[in-house]
Amino acid sequence: VIVEGNGDYIDKDGNLVRLRNQPSDITEIVVGVRGGGKEDVSVKVGETFQLRAYTTPSDSKDEIVWQSDDKSIARVDDKGILQAVGKGNTTITAYAPNGVNGKMIVRCK
């Protein structure tokens with residue numbers, strides 16, 4: 001997704017991404033597992049867990065928008081809670097209001 005201007009965007013798979021090209025203090029996002037590392041994860045179908053957006057600066061109050069590239073494999077809600085729903089691999093992306101983003105690969109088995 002390339003963010004230019006304000007509005008909602010449709011990604012390459014037709015998913016709606018609600019982003020605003022707004023001022024933000026976030027300069028970097030790394031997606032990880034809450035209380036754990038920042039590496040890609042493997043999960044079993046049916047499991048849910050909390051993702052975390054590690055931002056720079058770490059005390060930013062900006063809202064993060066979460067998206068799954070393939071919702072038939074894993075879904076993620078607006079709080080970063082991921083649910084593995086099918087087998088395969090997908091990318092989860094966390095977006096800041098200014099378009100800065102971080103990604104994590106999720107492998108569901």
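These legends go with a set of close-up views of one predicted model.

A note on reading them: residues are numbered from 1 along each chain as its sequence is written. Local features need pLDDT of at least 70 and side-chain atom pairs count only at pLDDT 80 or more, while totals for chains, interfaces and linings use all residues, and side-chain values use heavy atoms, with hydrogens and water left out.

**View 1. The whole chain, with ten strands and zero helices.** Strands (E, at least two residues) and helices (H or I, at least four) are DSSP runs, numbered from the N terminus. Reading along the sequence gives β-β-β-β-β-β-β-β-β-β. Of the 109 residues, 40% count as buried, where buried means under 20% relative accessible area, exposed over 50% and partly exposed in between (1.4 Å probe, protein chains only). Take the contacts (heavy atoms within 4.5 Å) with a separation of 6 or more: residues 24 or more positions apart make up 52% of them.

**View 2. How far to trust the coordinates, by pLDDT.** This score is the predictor's confidence in each residue, from 0 to 100. The chain averages 83, and 76% of the residues score at least 70. Over residues 1–6 the pLDDT is below 50, though this stretch has 15 contacts in the model beyond near neighbours in sequence. Where pLDDT is low, the predicted coordinates should not be read in detail.

**View 3. Thr 90 and its surroundings in strand E9.** Strand E9 covers residues 88–95. Thr 90 is buried because its relative accessible area is 5%. Its side chain reaches the backbone nitrogen of Asp 70 at 2.9 Å, a polar contact (a pair of N or O atoms within 3.5 Å; within protein, one must be able to donate a hydrogen and the other to accept it, and residues adjacent in sequence count only if both atoms are side-chain atoms). Leaving aside neighbours within four places in sequence, Thr 90 touches Ser 68, Asp 69, Asp 70, Ile 73, Ala 74, Met 104, Ile 105 and Val 106.

**View 4. Ser 68, in strand E6.** With a relative accessibility of 1%, Ser 68 counts as buried. Its side chain reaches the backbone oxygen of Ala 74 at 2.6 Å. A polar atom of that side chain also lies 3.2 Å from the backbone oxygen of Asp 70.

**View 5. Gln 50, in strand E5.** Gln 50 is partly exposed, with a relative accessible area of 22%. A polar atom of its side chain sits 2.8 Å from the backbone oxygen of Lys 79. Gln 50 and Asp 77 are 27 residues apart in sequence, and their C-alpha atoms are 9.8 Å apart in space.

**View 6. A cis peptide bond from Thr 56 to Pro 57.** Omega is near 0° at this bond. Pro 57 belongs to the loop between E5 and strand E6 (65–68).

**View 7. The largest pocket, with about 340 Å³ of space.** On a 1 Å grid over the protein atoms alone, a pocket is an open set of points where a 1.4 Å probe fits, with protein on both sides within 12 Å along at least five of seven lines; lining residues have an atom within 4 Å of a point. The volume is the space filled by probe spheres set on the points. There are 15 lining residues, and Arg 52, Ala 53, Asp 62, Ile 64 and Trp 66 lie nearest the centre. Strand E5 (residues 48–56) gives the most to the lining, with five residues. By type, the lining splits into five nonpolar, four polar and six charged residues; here Ala, Val, Leu, Ile, Met, Phe, Trp, Tyr, Cys and Pro count as nonpolar, Asp, Glu, Lys and Arg as charged, and the others, Gly among them, as polar.
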